[in-house]
Amino acid sequence: MAALQVQNLQSTSSSHGRFRASLFPSSNFRAKSVYLRQLPNKITIQDLILRQDGTATKGVPTHTTTGTEDKELVTKLLAIAEAVADRANMHAIIGAQRNNWNHLFTNSINSVTLIGSLMAGISSVPVGEATTQLLAFKLASMLLFGTAIGMMLVVNKIQPSQLAEEQRKATWTWKQLERSIQDTFSLRNPTEWDIKDAMNKVLALEKAYPLPLLPGMLEKFPKKVEPSRWWPNQRQRPEETHRRRTNGADANGWSKELEEEMRGLLKVLKLKDEEQYVQVGKLVLDINRTLATAGPLFAGLALIGSGLIGSSALGPIPVLLAVAGGSLATVVNTLEHAGQVGMVFELLRNNAGFYRWLQEEIKFNLGEEDVEKRENGELFKLKLALQLGRSLSEFRDFVPYASPSCKDEDIKDFAGKLF
């Protein structure tokens, strides 16, 4: 029936020129399905067609756009949404690619070093016994160890497991932004503030998780460990704040007790949750730096030992150095990359960034003196409870921490229970 109806529409409207976009421009964005799910049952495809003069047919739901300015805002936000969906797909593809890099490089380096050690051992025969024939094994082992050193230096620099984790986090944040734009479409008409806010978030995400490997790659061994940041530095409040009043609560869902809970929670987030992940991140970074240095060093010793094989003055020391050095290089490379130490560091940095983001959300609301301009207090508290894995009643436990007399060492609990 729908197909027949579309054919009838196309045949009867040929004299009026080409159709404008049905309700939104055609795209891969899923907001169209959100709209279609909310349409009344009696609305047909004819109701979704905009006339040539830009006005909508009657019967279109109240949240659809009718004015020229509103249609431009919808078109702009849809363009941003399409770009956001594309970014999410791109980061997902690149993340899978860089995860493959980690497996391939790890297995390749281990194979090269182990075969180099084996050839070094084979070439270590007494002088004068098949020296010419075994010289090829000696040169091959030197070539393999040299190749392993070069590969280790490159891989330790880019940290493929950490690159993969960056792209996984980027994919999640881009999809989250896409869902946020979908919610805007399904709840109300988009405004100019929605366009600016979405653009600021897009630019912040592009800066936090760049697509190119070189140049612009995030520093894998930073001098100072800082939480990741994927949200805009400067925020603005919407021109129109959608609020609701609740029975038994102060204006806009905020009360003195809730403010005290937020201040106590803010203190716990900063001193316990964020600090914990930053400190553990420093430890993991030091371990990763040590492994990244030791791997090429052991392979270099193996290369030197392999080159000295056959020297009568040194005896068995060169072959011992070559075999042991190659084996140790394999062990270190396995611990670093098969253990995905770089990924663990990036995960810890992202977790610290998550708690930093919660802190800024709380500060942003508490910093506004006019409670009517804040986000609804009860809704904000519910969001925090879901983010932290806590019940609403447990927020009362943070009230004592808001007191100026509370010392830092008195805080024993962590705010987050999910991770």
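The legends below describe close-up views of a predicted model, covering its nonpolar cores and a set of its salt bridges. Local features need pLDDT of at least 70 and side-chain atom pairs count only at pLDDT 80 or more, while totals for chains, interfaces and linings use all residues. Residues are numbered from 1 along each chain as its sequence is written, and side-chain values use heavy atoms, with hydrogens and water left out.

**View A. The largest nonpolar core has 57 residues.** A nonpolar core is a set of buried Ala, Val, Leu, Ile, Met, Phe, Trp, Tyr and Cys residues joined through side-chain atoms within 4.5 Å. Buried means under 20% relative accessible area, exposed over 50%, and partly exposed in between (1.4 Å probe, protein chains only). W174, I181, M262, L265, L269, I362 and L384 have the most contacts inside this core. Two or more residues each come from α4 (68–122), α6 (160–187), α7 (192–208), α8 (256–307), α10 (341–366) and α11 (377–388). Helix α8 gives the largest share, 13 residues. Helices (H or I, at least four residues) and strands (E, at least two) are DSSP runs, numbered from the N terminus.

**View B. Surroundings of L265.** Leaving aside residues up to four places away in sequence, L265 touches I362, L384, L388, F395, F398 and A415. Contact means heavy atoms within 4.5 Å. Apart from the largest core lies another, of seven residues, including I109, M152, V155 and A329.

**View C. The salt bridge between E274 and R356.** A salt bridge is a side-chain nitrogen of Lys or Arg within 4 Å of a carboxyl oxygen of Asp or Glu; by this rule the count comes to 17. The closest N and O atoms of E274 and R356 are 2.5 Å apart. E274 belongs to helix α8 and R356 to helix α10, so the pair ties together parts that are 82 residues apart in sequence. E274 is buried at 8% relative accessible area, whereas R356 is partly exposed at 26%.

**View D. The salt bridge between E165 and R168.** Here the closest N and O atoms are 3.2 Å apart. Both residues lie in helix α6, three residues apart, about one turn of the helix. E165 counts as buried at 10% relative accessibility; R168, at 38%, is partly exposed.

**View E. The salt bridge between E394 and R390, and a network.** E394 and R390 have their closest N and O atoms 3.9 Å apart. R390 is buried, with a relative accessible area of 12%. E259, E260, R263 and R374 are joined into one network by salt bridges that share partners.
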